[in-house]
Amino acid sequence: MARSRFDPDRNLRMNQDAVLIGKTLDGQPEAYTQLVKKYQLPVYALALKRTRSSGTAEEIAQVVFVTAFQKLAQLKDRKKFGAWLRSITIRQSSMHFRSETQNKRIMHRLELDAHAISPPH
């Protein structure tokens, strides 16, 4: 039997997110702590799926929540906080791969340069 995608509690959860965001923006940091607790596992799981590294996924999750906090006032639809976090997580994971690839290229060039200038034995 196929599972229904209808979730009667979804609207309630989205409204709760909107309320917590409002409280956060009103200077109540404990409200943001509640959002972090709610979403930390899904954000970490997505980062882990994309990076296949628990350490990297933890770093990305931290960056995601800091970024979201810093840009929280820019979120237009507070009910879409979860989807917004997901997009930030995907973006941060992609940035990690670009950075990692660039670092590998730099290290390879440095190794080639070092080999080219090293004196013969």
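# A guided tour of a four-helix model

From the N terminus on, the elements of the protein run α-α-α-α, and the secondary structure comes to four helices and zero strands. Before selecting anything, bear in mind that this is a predicted model. With the whole protein in view, you are looking at 121 residues, of which buried residues make up 26%. Among the contacts with a separation of 6 or more, residues 24 or more positions apart account for 62%.

**First stop: helix H1**

Select residues 10-25, which form helix H1. For the 16 residues of H1, a rise of 1.5 Å a residue gives an expected span of 22 Å, and the end C-alpha atoms are 23 Å apart, which agrees. Colour the buried residues of this helix next: they are Met14, Asp17, Ala18, Leu20, Ile21, Gly22 and Thr24.

Now keep Thr24 of H1 selected. Is Thr24 buried or exposed? Its relative accessible area is 8%, and because buried means under 20%, Thr24 counts as buried. If you show what surrounds this residue, leaving out residues up to four places away in sequence, you will find that Thr24 touches Ala31, Tyr32, Phe69 and Leu72. You can also draw a line from Thr24 to Leu35, two residues that are eleven apart in sequence and 9.6 Å apart in space, C-alpha to C-alpha. Just after H1, stop at Gly27, which takes a positive phi of about 95°.

**Second stop: the loop between H2 and H3**

Follow the chain through helix H2, residues 29-51, and go on to Arg52, whose place is in the loop between H2 and H3. Although Arg52 is not a glycine, it has a positive phi of about 60°. With a relative accessibility of 75%, Arg52 counts as exposed.

**Third stop: the two sides of helix H3**

Select residues 54-70 for helix H3, where 17 residues at 1.5 Å a residue should span 24 Å, in agreement with the 24 Å between the end C-alpha atoms. Which residues of H3 are buried? They are Thr56, Ala57, Ile60, Ala61, Val64, Phe65, Thr67 and Ala68. These buried residues cover an arc of only 165° around the axis, which puts them on the same side of H3. An α-helix has 3.6 residues a turn, so residues three or four places apart point the same way. Turn the view to the other side of H3, and there Glu59, Gln62 and Gln70 are exposed.

**Fourth stop: along helix H4**

Select residues 81-117 to bring up helix H4, and pick out Gln92, which has its place in this helix. Gln92 is buried, with a relative accessible area of 15%. Not counting residues up to four places away in sequence, Gln92 touches Ile60, Val63, Val64 and Thr67; of these, Ile60, Val64 and Thr67 are among the buried residues of H3 that you have just visited.

Move along to Phe97, which also lies in helix H4. At 33% relative accessibility, Phe97 counts as partly exposed. Leaving aside its neighbours within four places in sequence, Phe97 is in contact with Arg50 and Thr51, and Arg50, although 47 residues away from Phe97 in sequence, is 9.5 Å from it in space, C-alpha to C-alpha.

**Last stop: the largest pocket**

Finish at the largest pocket, which has a volume of about 380 Å³. Of the 17 residues that line it, the closest to its centre are Tyr39, Phe81, Gly82, Ala83 and Arg86. Helices H1, H2 and H4 are the elements that give two or more residues to this lining. Which element gives the most to the lining? That is H4, with six residues. If you colour the lining by residue type, you will see eight nonpolar, two polar and seven charged residues.

Within this lining, select Gly82, which is found in helix H4 and counts as partly exposed at 22% relative accessibility. Apart from residues up to four places away in sequence, Gly82 touches Asp17 and Tyr39; Asp17 is one of the buried residues of H1, while Tyr39 is among the residues closest to the centre of the pocket. A closing line can be drawn from Gly82 to Leu35, which are 47 residues apart in sequence and 9.4 Å apart in space, C-alpha to C-alpha.

Note on methods: Residues are numbered from 1 along each chain as its sequence is written. This is a predicted model: local features need pLDDT of at least 70, side-chain atom pairs count only at pLDDT 80 or more; totals for chains, interfaces and linings use all residues. Side-chain values use heavy atoms; hydrogens and water are left out. Buried means under 20% relative accessible area, exposed over 50%, partly exposed in between (1.4 Å probe, protein chains only). Contact means heavy atoms within 4.5 Å. The expected span of a helix is 1.5 Å times one less than its number of residues. The arc is that of the directions from the helix axis to the C-beta atoms. On a 1 Å grid over the protein atoms alone, a cavity is a set of points where a 1.4 Å probe fits but cannot get out, and a pocket is an open set with protein on both sides within 12 Å along at least five of seven lines; lining residues have an atom within 4 Å of a point. Grid points are joined across faces, edges and corners, and a volume is the space filled by probe spheres set on the points. Ala, Val, Leu, Ile, Met, Phe, Trp, Tyr, Cys and Pro count as nonpolar, Asp, Glu, Lys and Arg as charged, and the others, Gly among them, as polar.
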